[in-house]
Amino acid sequence: MTDHPHVLVTGGAGFIGSHTADVLLKRGCFVTVLDNLSTGYRANISQLENQQRFQFIHGDVTGDVKGLLSKAAKRFGPIDRIAHFAAQTAVPISVDDPATDIAVNLGGTARILEYARHNKVAKLVFASSSAVYDDDAPVPVNEESRARPASPYGIDKLAAEFFLDYYARIFGLTFTALRFMNVYGPRQDPKSWYSGVISIFLDRAVTNQPITIFDDGEQTRDFVYVSDVAEVFAESLMSDKGNSAIINIGTGVEVSINTLTRTILDLAGSSAPVKHEPPRAGDIRRSVTTMDKAVELLDFHPKVGLREGLAETLAWVRTQTKTARPPAPLKHASP
Ligand SMILES: NC(=O)c1ccc[n+]([C@@H]2O[C@H](COP(=O)([O-])OP(=O)(O)OC[C@H]3O[C@@H](n4cnc5c(N)ncnc54)[C@H](O)[C@@H]3O)[C@@H](O)[C@H]2O)c1
């Protein structure tokens, strides 16, 4: 591998992908972002656009990937490594329209895997999800916990992991799959109707709109800050760490939605009213991961605690509140 490998970041104009592109550029990589801007924004990568080692390709992972990437290789040489984030990320959409979810999340992954197979790509790291686990899995979940997805989105992530393993066995692909818990931070679109609970609650706190908590608020999640995720993703991609492994990426810290809400209101100095609504079907009660495998294989120790991460995210949300996009519907304002 050269000192300046060429890395493809699919979905790199999105929330986590753009932070990972930032890290890879800082490490001296040549970076090509391939994104169809369906949920990503050029603004997320505007800080990279004038860098000589960066290029953006507006294109679809379900389209002519070979043709699109041959253009990318003309400028920066062959693609050495792939960070694969591009996906339809809305669980409710996957429930309403499984065929589209399959087309993008499995169909797109199949095209990226075929590209990797035929172009001697040294390693591919895949953005998987804790949505693969059984809702009734014992808490905390570990990588051996039963995978039994509750949505087509989770099924596609799990099936993609099987494809990675198949390509590794049959074609010698080197891969790592990282199953993210709840990732949060700047650039997570608070106006999107499937956005994470933190970006929605921060947006509502800042604009003094009601915050809706489904159930009693004692349900828990494992919130991991985006810079920690981007760093560990890049580290795994650029090294042998985590080769052939599927690894949970969280913090191991279980935070209730009530605690989260109090912290957000406190940090924002907000008096936004909080109301409770009945539990939503399908919402799991507790979610947190063990850290053993991430520590052992990736030496992963998240650096940013919840309060610090929320403060950073709040500062970003405050710069965004004047955008013209419509507010997030209340029905999705809970994890
Ligand atoms: N945010 C989380 O908490 C979380 C948790 C688990 C897994 N993930 C996974 O991490 C990845 C990144 O998620 P995110 O939160 O940054 O979401 P995001 O929506 O911000 O990023 C997804 C990116 O993929 C792009 N994209 C979508 N379909 C595409 C296509 N067909 N061709 C090319 N580009 C396409 C979008 O425009 C967007 O820029 C996804 O694979 C998601 O499933 C995220």
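Let me start with tyrosine 115, which is buried, because 20 other C-beta atoms lie within 10 Å, and 20 or more is the cut-off for that label. This is a predicted model, so please take every position I mention as predicted.

Where is tyrosine 115 in the fold? It sits in helix H4, which runs over residues 98-118. If we set aside residues up to four places away in sequence, tyrosine 115 touches Val65, Lys66 and Leu69. As for a distant pair, tyrosine 115 and leucine 310 are 195 residues apart in sequence, and their C-alpha atoms are 38 Å apart in space.

Now the helix around that tyrosine. H4 has 21 residues, which at 1.5 Å a residue should span 30 Å; the end C-alpha atoms are 29 Å apart, so the two values agree. Tyr115 has buried company in H4: Asp101, Val104, Asn105, Gly108, Thr109, Arg111, Ile112, Leu113 and Ala116 are buried as well.

What covers the buried residues of H4? The cover includes three helices, H2 (65-76), H3 (91-96) and H5 (152-171), and three strands, E1 (6-10), E4 (81-84) and E5 (123-129). After H4 comes lysine 120, and its phi is positive, near 55°.

Next, helix H7, residues 226-238. H7 has 13 residues and reaches 18 Å from its first C-alpha to its last, close to the 18 Å expected at 1.5 Å a residue. Is H7 mostly covered or mostly open? Mostly covered, with 10 of its 13 residues buried. In order, the buried ones are Val226, Asp228, Val229, Ala230, Val232, Phe233, Ala234, Ser236, Leu237 and Met238.

H7 has a partner in helix H1, residues 15-26: their axes come within 8 Å and cross at roughly 55°. An angle from 35 to 65 degrees counts as oblique, and H1 and H7 are therefore oblique to each other. The crossing in which H1 passes H7 is right-handed. On the H1 side, the contact is made by Phe15, Ile16, His19, Thr20, Asp22, Val23 and Leu24. On the H7 side, the residues are Val226, Ser227, Val229, Ala230, Glu231, Phe233 and Ala234. By class, this contact of H1 with H7 divides into 9 nonpolar, 3 polar and 2 charged residues.

A second helix pair is H6, residues 197-206, and H10, residues 306-320. How do H6 and H10 cross? Their axes come within 10 Å and cross at roughly 60°, and H6 and H10 are therefore oblique to each other. The crossing of H6 and H10 is right-handed. H6 brings Ile198, Leu202, Asp203 and Val206 to the contact, and H10 brings Thr313, Leu314, Val317 and Arg318. The contact of H6 with H10 has 5 nonpolar residues, 1 polar and 2 charged.

Last, a residue in a strand. Alanine 245 lies in strand E11, residues 245-249. Alanine 245 is partly exposed, because 17 other C-beta atoms lie within 10 Å, and buried would need 20 or more. Which residues does alanine 245 contact, leaving aside neighbours within four places in sequence? They are Thr176 and Leu297. Glutamate 277 is 32 residues from alanine 245 in sequence, and 40 Å away in space, C-alpha to C-alpha.

Conventions: Residues numbered from 1 in each chain as written. Predicted model: local features only at pLDDT ≥ 70, side-chain atom pairs only at ≥ 80, totals over all residues. Helix = DSSP H or I, 4+ residues; strand = E, 2+ residues; numbered from the N terminus. Expected span 1.5 Å × (residues − 1). Buried ≥ 20, exposed ≤ 12 C-beta atoms within 10 Å, placed from the backbone. Axes fitted to C-alpha atoms, helices over the stretch in contact; angles between N-to-C directions. Parallel < 35°, antiparallel > 145°, perpendicular 65-115°, else oblique. Left-handed = near helix turned anticlockwise from the far one by under 90°. Contact = placed C-beta atoms within 7 Å. Nonpolar A, V, L, I, M, F, W, Y, C, P; charged D, E, K, R; others polar.
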